[in-house]
Amino acid sequence: MSTSPTPGLTAADYPLSTSRPELLVTPTGRPITALTLDAVVSGEVTADDLRITPETLLLQAQLADAGTRPQLAANLRRAAELTAIPDAEVLTMYDALRPWASTAVRLAELADRLELTWSAPVCAAFVREATEVYQRRDLLAHRDEPGANDGPDGDLTGTQPRGPRRTEVPRFDPTPSVRVENGRIVDLDGRSRTDFDVLDAFIADHAIDVVTTEASMALPSDQIARMLVDPRVSRTEVLAVTRGLTPAKILDIVRLMNIAGIMQALQKMQARRRPAGQAQSTSARDNPVQVAADAAEGAVRGCAELETTLGVVHYAPLVAIALQVGAQVGRGGVLTHCALEEPTELELGRRGLTAYTETICGYGTESVFVDGDDTPWSKAFLASAYASRGITMRFTSGTGSAVQMGNAEGTSRVYLEIRCILMAKGAGVPGLQHGSSSCLGVPGAVPGGMWAVAAENLVASMVDLDRAPGDDQSFSHSAMRRTIPRDLQIDGGLRHVPEQEIRAVRNEAARALQALFAHLDLPPITDEEVAAATDAHSSNDYPFRDVLADLTGAQSVLDRGITGLDLVKGLEATGFHDAAVSLLAVLRHRVSGDLLQGERWSPVAGTPAGQVRGEHPDRGGLERGAHP
């Protein structure tokens, strides 16, 4: 792998696909400008051309550094080293980093293999760092046998440790403090390094700017709170301070702010300049026709991202295809995601059947984190694995999940969520999906819960992370709450669309999927189903499909190696030219890596990159760019 960076790249060179396309080539050596629809249809462009190269990832790392986001740059450099490693081995490496999955010897062998076999010294150093922390926190297996990763509950021999060694915590939030020695944080919010749990250690070494932290921490909390709301203080000036803050200090600041102050600060600190939402397109029966029609409606109403979940995971390939097709019929450039377990999610993303992932959960306590069979190091390694395939990722967390954990730990839920946010920052992901989007009923049911939701969103913006806004849960029947956006003219990115246009786009999405399934020899979609999709209000309004045939067809998608390029060809061949063009534009960004930078960047309408999320700005297309 070439590691020689192109000199002189600055943030102004973003997006590379439009500003510096001459730097971008596919793994086969084809320039990105050659990835045209004609070339796809003729067969000149193959699936190998829709992969990101290590050189491109290193260019994107330069841009992240130029934007003062060293954690993202580090993630992309790890990703560059992982591009050559097969999917199965990358996932095996990820599994090895889970708690109690490996002995110290096995992790040492993994680090050596990364460095010597795969020429991946950055990833090797990351594994060695994890090994040191696992050793101190009793997260290593004591034997190399099947079931060694079962943890204390699965150990019947008495040789396995009784779980991570708990550090005694006071029954209240810690007092902000930091101490640096020899360029390393040795005290964090009242804990010495020898007592750091896995989150403390990861945050101290990866999330906090060790150069500025002592100066930032010395500023009074009320002064920083005033900086957040003062329109005369730029976002850049605030970020220069917040990069060096500890979790307890951030909590001390937001506690000084009421809801009006939080909302005012969010207006300045959020990365997105234009509002845009995320929506769920999910069928109770995993019906691909319904998913396609609902996705088209969500896209035309202004949603920039669409996610689906499944009741039966084996339906995933068909539902992923339906989500992609419906989204592109509704509005060019909308990104899609299937919430699945890691191997399937990575496989669908690698094939170009999905565009991003975000259901990668973080937790604010060590005990719950490792009980979920992960650590900050394993999560960060997984983020690099996805980026190595050109797939952007967010982590997921929220104060809703911290309500009960906070009681058990004797700390506030907001403090625990701040630890989650800083862990995500340290891992180098560009943003977060706050779990309060889909679990709003939990914080909404406890005192101060809605304030906490607003505070967690501000904290994410304070540390320069994008937030994925959305609400797929109705936690209130209040007519006032439902009409606040209308009455207060709050722009959430959604647009009113006439009913006839909704019916037309739902019908077109169903017809496009019907034609594509026939083209790919997948289970047929009847005209009756298309008619139902046009006016359906729920899963019950659709005819029942042949589940066995669908599951057989879904498996054939994997067995036959169907990719996003096959969808592009099929849409073009069956007369859905606009959807084919839009989908190819999304796939092209897998090669450029532009979407790995997150939501701050702006492929605006009127440029080639404008095919992604900006094609119809009047319908809520995103404009991404840091505030001045």
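## The loop between α24 and α25

Asp-521 sits in the loop that links α24 (499-519) to α25 (527-535); helices here are DSSP runs of H or I with at least four residues, strands are E runs of at least two, and both are numbered from the N terminus. The phi of Asp-521 is near 60 degrees, a positive value in a residue other than glycine. Its relative accessible area is 65%, so Asp-521 is exposed. For reference, buried means under 20% relative accessible area, exposed means over 50%, and partly exposed is in between, using a 1.4 Å probe and protein chains only.

A word on what you are looking at: this is a predicted model, in which local features need pLDDT of at least 70 and side-chain atom pairs count only at pLDDT 80 or more, while totals for chains, interfaces and linings use all residues. Residues are numbered from 1 along each chain as its sequence is written, and side-chain values use heavy atoms, with hydrogens and water left out.

## Other backbone details

Ser-119 also has a positive phi, near 50 degrees, in a residue other than glycine. Look for Ser-119 in the loop between α6 (104-117) and α7 (121-136). With a relative accessibility of 48%, Ser-119 counts as partly exposed.

Towards the start of the chain, Tyr-14 and Pro-15 are joined by a cis peptide bond with omega at about 0 degrees. Pro-15 belongs to the segment before α1 (16-19). As background, most residues other than glycine have a negative phi, and most peptide bonds are trans.

## The chain as a whole

The chain contains 28 helices and ten strands. Of its 628 residues, 58% count as buried. Contact means heavy atoms within 4.5 Å; among contacts in the chain with a separation of 6 or more, 76% come from residues 24 or more positions apart.

## A three-stranded antiparallel sheet

One open sheet has three strands in the order β1-β2-β3, paired antiparallel; two strands pair if DSSP finds at least two bridges between them. β1 and β3 stand at the edges with a single partner strand each, so one side of each has no neighbour in the sheet. Strand β2 (residues 184-188) is mostly covered, with four of its five residues buried.

Strand β1 (residues 178-181) is joined to β2 by four bridges, and Arg-179 has Asp-187 as its bridge partner in β2. On the other side, β2 and strand β3 (residues 191-192) pair over two bridges. There, Leu-188 stands opposite Arg-191, and Asp-187 is partnered by Ser-192. Both hairpins have two residues between their strands: Asn-182 takes a positive phi near 55 degrees in the hairpin of β1 and β2, and Asp-189 takes one near 50 degrees in the hairpin of β2 and β3.

## A four-stranded parallel sheet

Another open sheet has four strands in the order β7-β8-β9-β10, with parallel pairing. Its edge strands are β7 (356-361) and β10 (466-467), each pairing on one side only. Two bridges join strand β9 (residues 431-434) to β10, and Gly-431 has Asp-466 as its bridge partner in β10.

Helix α22 (residues 449-462) lies across β9 and β10 and runs at about 175 degrees to β9. Such angles run from 0 to 180 degrees between N-to-C directions, with axes fitted as lines to C-alpha atoms, for helices over the stretch in contact.

## Nonpolar cores

A nonpolar core is a set of buried Ala, Val, Leu, Ile, Met, Phe, Trp, Tyr and Cys residues joined through side-chain atoms within 4.5 Å. The largest one has 92 residues, and Leu-114, Trp-377, Phe-395 and Leu-458 have the most contacts inside it. Helix α20 (residues 413-427) gives the most to this core, with nine residues. A second, separate core has 73 residues, including Ile-32, Val-289, Ala-322 and Val-497.

## Where α8 meets α18

The axes of helix α8 (residues 198-207) and helix α18 (residues 376-387) come within 9 Å and cross at roughly 50 degrees. The two helices are therefore oblique to each other; angles under 35 degrees count as roughly parallel, over 145 as roughly antiparallel, 65 to 115 as roughly perpendicular, and the rest as oblique. On the α8 side the contact uses Val-198, Ala-201, Phe-202 and His-206, and on the α18 side Pro-376, Trp-377 and Ala-380.
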